[in-house]
Amino acid sequence: MKPAIAKIVVDIALDKEFDYRIPAQLADIVHVGSRVHVPFGARMTQGYVVGLAESSPHPQLKEIAEVVSKRPLLTDKILELTRWMGRYYCCPVELCVKCALPEVVRKSKISWKERQFVRPVKLTPDDLAKLAKRAPKQFHALEILRKTDGMFVVKLCEEARIDGTAVKVLAKKGFVELTDKIEERDPFGGEVFLPTEPLPLMPDQAQSLELCKQAIDATSDVSRLCESAAGAPHERRLAESAYKIPKPILIHGVTGSGKTEIYLQAIEHALRQGKDSIVLVPEISLTPQTVERFRARFPKQQITVLHSHLSDGERHDQWHKIRDGQSHIVIGARSAVFAPLPALGLIIVDEEHETSYKQDEAPRYNARDVAVVRGKLEHAAVVLGSATPAIESYYNAQRGRYVLSTLPHRVDHQKMPLMRIVDMKQEMLRQKGLHVLSGRLRDAIEARLAKNEQVILFLNRRGYATHMFCPKCGYVADCPNCSVKLTYHRKAAQLTCHLCGETRPAPKVCPNPDCRDPAIRYAGMGTEKVESAIHAAFPKARVQRMDSDIMTRKSLYREIFHDFRIGKIDILVGTQMIAKGLHFPNVTLVGIIHADMALHMPDFRAAERTFQLLVQVAGRAGRGDVEGEVIVQSFTPSHSAIQFARQHDYLGFYDQEIEFRQQLHYPPATRLVCLTLRAKTEEKAKFFTDALAREIRKHIGANDLVSEATPAPLAKIQNNYRYQVIARSPQIMRLTEAIAKVVTATKLPPDVLLAVDVDPVSLL
Ligand SMILES: [Zn+2]
Ligand SMILES: [Zn+2]
């Protein structure tokens, strides 16, 4: 019997599944994942079928009006994944469904682009001779066309320098055939990449690749068994348990150890088995340099790159290409984890420690963790890679949940860069005041410039100075809307809030009406100040700054890296934009201007972030034949994060950090959920956070803890006061279930907003 009832999530934000009757005439085309039109209240709305049932407890059901797309957009596996996300991240399923389907696919506004296509037809020499005589231009066009199987009319017009009317005339004469054909909007256009062959592997790499291959083969076996048991849930479960689904593999490889080559060869192995692959990279490292390596190894039509700069049309076409099984490798940032590849066999998460895999709005999912779950659901191998694995991931490997593969050496036996630490407190005494460059860093830059080698300087803060103050009356320029200081941007002569964007002209005298002293000062530093200090110290050096203030055009990124690579720039100054995955053989010196910046954030991950950043930035040095050097300027040079980074000692850092986390009940020793409430007044924020904390306490288990309501470290953003409650539990699913129950039952006033963050990456 065919199911009579469809469970539908409607496209307007409602956290519910609704039952609709499936009319007989639609019975064959309503599937799980179908997009449908349904009556909702007085109007029609769009929705997705998320489940089918034989019957419904509700007696009076409305009928599905129409099926919008014949083929379901969501596969049932992806639907299952979104349901898991809803439960795990305490979030309405329909928000998770939205995550899995890009807006251009959800809304039916954009479709394939159809254009007129012209094909040659068989002609007699006589016809041709006549045409050549009467209409030489048309004949010329026909000659061009006859060398092909056909082309788009626009292209023919361009090449033969004729207009569309001439093509129509040719068609009327029966010399050519006109049709409509879908033209794929290809974001890469005519770009050509020099093909590459697989590189020979070092022994560690080969071992790592072998693990990946085994996992891919094992998953193929599970899939094959499950297919043969399709439709029979019991047999399917038996098949699944008969073959162990392989565990995710964590590749811990130092910078320059050749992880990408392993990914490339693992993908190739999957392809040979008819399996598709997803490669996740952080948005910030989705650079032409990264993409080029993949594009050069595999045929162009097999690869799809999903990134934030695609136009709506391009995104539509790429998504459908994936869904139709025409693409076999998808490279993309966070949301590419939902790419609907029909024969998924491998998911790679590069730089798995990156916090940008975590979405900062609901659903607050971490693409790495979603990848692990999707791998399990779809029997795909999962490979996580990093030079500095997240403490959680390494912990999972230590506890046997992941398989660990270590690459301790750089390829071709390049040495790890030498890291020197400069104590900036000493330096301040020596230089009688705080300067951007220590003597040591300055000398090192000078030496590199003399040898025509390149330098990268890193400071993870943009602007010129971090705050403005008046030494006479003590005035400090704070943001009126947020609990942070305004940053001074010298070139723009502005004070700007990096949280809410509040911008005002930089004052010439103290803004305090009782003071008006002209001697206002600027303290702290950003990339703009580093740039100007370099200009002052090395007037002849070619310096380029790279941060989000500069990157106003999308092509600029590519242009600057190109200029740097061909040696048109001596010194690159930048924020984390330059910290990721770049490979410049001529960079022999990396300077980290202020290593302690992240260290003093009120966040339990501060040390981990600092360690990761130092190792990653340092990894940019010495990627060529010359040994690299890294100079780290710090006010707390003895801090363990800095010392372990200096020795490239991940394990030493991990051992110490895990002990600290265990003692203070932080992840991964326990699991966290952070609830943040925003309200227009502090009293309101506190009142409702208190109430929420009390209610959650009633529902938790014996080993769970719920903190008091406290102001968030960033107590005010955009005139919203923020309060937090932190809940901890060794069993996360039970805790999120309890929280979901409380949150659903709690009615908050419309101006009080709640964010539930499961496994938060930051507690600010
Ligand atoms: Zn003043
Ligand atoms: Zn602000």
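In which loop is the place of K432? K432 sits in the loop between α15 (424–431) and α16 (439–450), where helices (H or I, at least four residues) and strands (E, at least two) are DSSP runs, numbered from the N terminus. The structure is a predicted model, in which local features need pLDDT of at least 70, side-chain atom pairs count only at pLDDT 80 or more, and totals for chains, interfaces and linings use all residues. Residues are numbered from 1 along each chain as its sequence is written, chains are lettered from A and ligands numbered from 1 in the order in which they are written, and side-chain values use heavy atoms, with hydrogens and water left out.

K432 is not a glycine, yet its phi is positive, at about 50 degrees. With a relative accessible area of 75%, K432 is exposed; buried means under 20% relative accessible area, exposed over 50%, and partly exposed in between (1.4 Å probe, protein chains only). R516, also a residue other than glycine, has a positive phi near 55 degrees. R516 is found in the loop between β21 (503–505) and β22 (521–523), and its relative accessibility of 46% makes it partly exposed.

Two cis peptide bonds are described here. One joins A362 and P363, with omega about -10 degrees, and P363 belongs to the loop between β13 (344–350) and α13 (367–378). Another joins P667 and P668, with omega about 0 degrees. P668 is located in the loop between α21 (650–663) and β27 (671–679).

The zinc sites are considered next. Donors are N, O and S atoms within 2.8 Å of the metal (3.2 Å for Na, K and Ca), and water is not among the atoms, so sites may look incomplete. The zinc ion (ligand 1) has as its protein donors C470 (SG), C473 (SG), C510 (SG) and C515 (SG), at 2.2 to 2.3 Å. Along the sequence these donor residues are spaced C-x2-C-x36-C-x4-C. The angles among the 4 donor atoms of the zinc ion (ligand 1) are 104 to 111 degrees, and the site is tetrahedral. Four donors count as tetrahedral if all angles lie between 85 and 135 degrees; four count as square planar and six as octahedral if opposite donors are over 155 degrees apart and all others between 65 and 115, and anything else is irregular. Ideal angles at a metal are 109.5 degrees for four tetrahedral donors. C510 is buried at 0% relative accessibility, and C515 is buried with a relative accessible area of 17%.

The zinc ion (ligand 2) is held by the protein donors C479 (SG), C482 (SG), C497 (SG) and C500 (SG), which lie 2.2 to 2.4 Å from it. Their spacing along the chain is C-x2-C-x14-C-x2-C. The arrangement around the zinc ion (ligand 2) is tetrahedral because its 4 donor atoms subtend angles of 105 to 115 degrees. Of these donor residues, both C479 and C482 are buried.

Strand pairing is described for two regions. Two strands pair if DSSP finds at least two bridges between them. An open sheet of 5 strands has antiparallel pairing and the order β2-β1-β4-β3-β5. Its edge strands, β2 (18–21) and β5 (66–67), each pair on one side only. Strand β3 (residues 35–40) and β5 are antiparallel and share 2 bridges; V36 has V67 in β5 as its bridge partner.

Strand β25 (residues 587–592) is largely enclosed by the rest of the structure, because 6 of its 6 residues are buried. Strand β17 (residues 454–458) runs parallel to β25 and is joined to it by 5 bridges, with V590 in β25 as the bridge partner of I456. β25 is also parallel to strand β26 (residues 629–634), through 4 bridges. From β25 the chain crosses through helix α19 (residues 606–618) to β26 in a right-handed β-α-β crossover; right-handed means that, with the strands pointing away from the viewer, the path from the first strand over the helix to the second runs clockwise.

D759 lies in the segment after β31 (753–758). With a relative accessible area of 17%, D759 is buried. Leaving aside residues up to four places away in sequence, D759 touches Y88, K358, D369, R671, L672 and I732, where contact means heavy atoms within 4.5 Å. The side chains of D759 and Y88 are joined by a polar contact of 2.6 Å. A polar contact is a pair of N or O atoms within 3.5 Å; within protein, one must be able to donate a hydrogen and the other to accept it, and residues adjacent in sequence count only if both atoms are side-chain atoms.
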